[in-house]
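Here are a few exercises to work through with the model open in your viewer. Try each task before reading its solution.

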Amino acid sequence: MAFDNQAFEGGFTDAVYDAQTCFRALMDALANPGTIQPLTAETQPPLPLTPELGAIAQALFDHDTKVWLDSRLAASSAVREWLAFQTGFELVSEVGEANFALVSDVTHMPPLDVFAKGTSEYPDRSATIVMAVEGFEGAQTLQLQGPGIEHVRDFAPSALPVRFNEQWAANAALFPRGVDLVFAAPKTVAALPRSTKLIKNGN
């Protein structure tokens with residue numbers, strides 16, 4: 001693949017340190033569902049890939065990683081080339097084949113049940129969906145319960161997939177199979193692992 005000059009720019013300043021910092025933030029987010037973790041490692045990828053999606057991609061993807069991009073991201077040759085150069089990832093067109101998915105438009109993403117959910121023998125062969133959001137003060141407040149949550153925790157991302165309550169209940173029922181969700185906002189990250197249950201939804 002011939003790369004445009006833009007593909008060589010905008011990655012981590014310190015590849016090892018920044019990748020470790022980003023990875024720790026992601027692990028803290030997954031271990032403590034619905035908490036907002038600082039994401040200090042920075043990238044400057046081509047739009048519409050956000051700096052946070054770019055940082056998470058650099059921290060998690062390598063040449064063995066199969067990644068699905070939503071239509072906005074996949075339509076940009078600059079985004080595809082940047083990700084290929086910075087991570088060596090394998091781009092897949094079939095959503096069910098992906099280990100990871102990058103989503104720039106949450107409201108138009110495919111249903112959760114079309115992503116890889118793992119198998120009974122290998123539940124880890126499921127997809128992690130990384131979604132760009134504007135922040136965590138959305139109009140819809142979710143109430144979460146499960147591992148990593150002492151009692152109940154409120155969580156209000158600025159955007160959620162369509163019919164999220166129904167979709168998440170179906171996903172949680174598959175445990176230990178099922179997808180995990182990561183929400184990436186400016187300089188912050190939060191997560192909903194498949195073990196988290198949605199016990200109430202308010203406005």
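**Exercise 1.** Find which residues of H2 meet which residues of H4, and sort them by character.

*Solution.* Bear in mind that this is a predicted model. Start on the H2 side, where Gly54, Ala57 and Gln58 make the contact. Their partners in H4 are Trp82, Leu83, Gln86 and Thr87. Now sort the contact residues of H2 and H4: you get 3 nonpolar, 4 polar and no charged. Glycine goes in the polar group here.

**Exercise 2.** Describe how H2 and H4 cross: at roughly what angle, and is the crossing left-handed or right-handed?

*Solution.* Take the axes of H2 and H4 (residues 77–87): they come within 9 Å. Next, the angle, which is roughly 35°. Finally, the hand: the crossing of H2 and H4 is right-handed.

**Exercise 3.** Work out the strand order of the open sheet, then say which strands sit at its edges and which strands H2 lies across.

*Solution.* Walking across the 7 strands gives E1-E9-E8-E5-E4-E2-E3, and the pairing is mixed. E1 and E3 (90–91) each pair on one side only, which makes them the edge strands. Look at the E3 end: E2 (residues 66–69) pairs with E3 in the parallel sense, over 2 bridges. Within that pair, valine 67 is opposite leucine 91 of E3. Then bring the helix back in: H2 lies across E4 (100–103), E5 (128–132), E8 and E9. Relative to E8, H2 runs at about 135°.

**Exercise 4.** How many salt bridges does a search of the whole structure find, and which residues form them?

*Solution.* The count is 3. Take them in turn.

- Lysine 187 pairs with glutamate 42, with the closest N and O atoms 2.7 Å apart. Lysine 187 is in the loop between E8 and E9 and glutamate 42 in the loop between E1 and H2, so this bridge ties together parts 145 residues apart in sequence. Glutamate 42 has a relative accessible area of 48%, so call it partly exposed.
- Arginine 163 pairs with glutamate 166, and here the closest N and O atoms are 2.6 Å apart. Arginine 163 counts as exposed because its relative accessibility is 56%, and the cut-off for exposed is over 50%.
- Arginine 194 meets aspartate 180 at 2.8 Å, N to O. Arginine 194 belongs to the loop between E9 and E10 (197–202) and aspartate 180 to E8, 14 residues apart. Both arginine 194 and aspartate 180 are buried.

Definitions and conventions
Residues are numbered from 1 along each chain as its sequence is written. This is a predicted model: local features need pLDDT of at least 70, side-chain atom pairs count only at pLDDT 80 or more; totals for chains, interfaces and linings use all residues. Side-chain values use heavy atoms; hydrogens and water are left out. A salt bridge is a side-chain nitrogen of Lys or Arg within 4 Å of a carboxyl oxygen of Asp or Glu. Helices (H or I, at least four residues) and strands (E, at least two) are DSSP runs, numbered from the N terminus. Buried means under 20% relative accessible area, exposed over 50%, partly exposed in between (1.4 Å probe, protein chains only). Two strands pair if DSSP finds at least two bridges between them. Contact means heavy atoms within 4.5 Å. Axes are lines fitted to C-alpha atoms, for helices over the stretch in contact, and angles run from 0 to 180 degrees between N-to-C directions. A crossing is left-handed if the near helix is turned anticlockwise from the far one by less than a right angle, and right-handed if clockwise.
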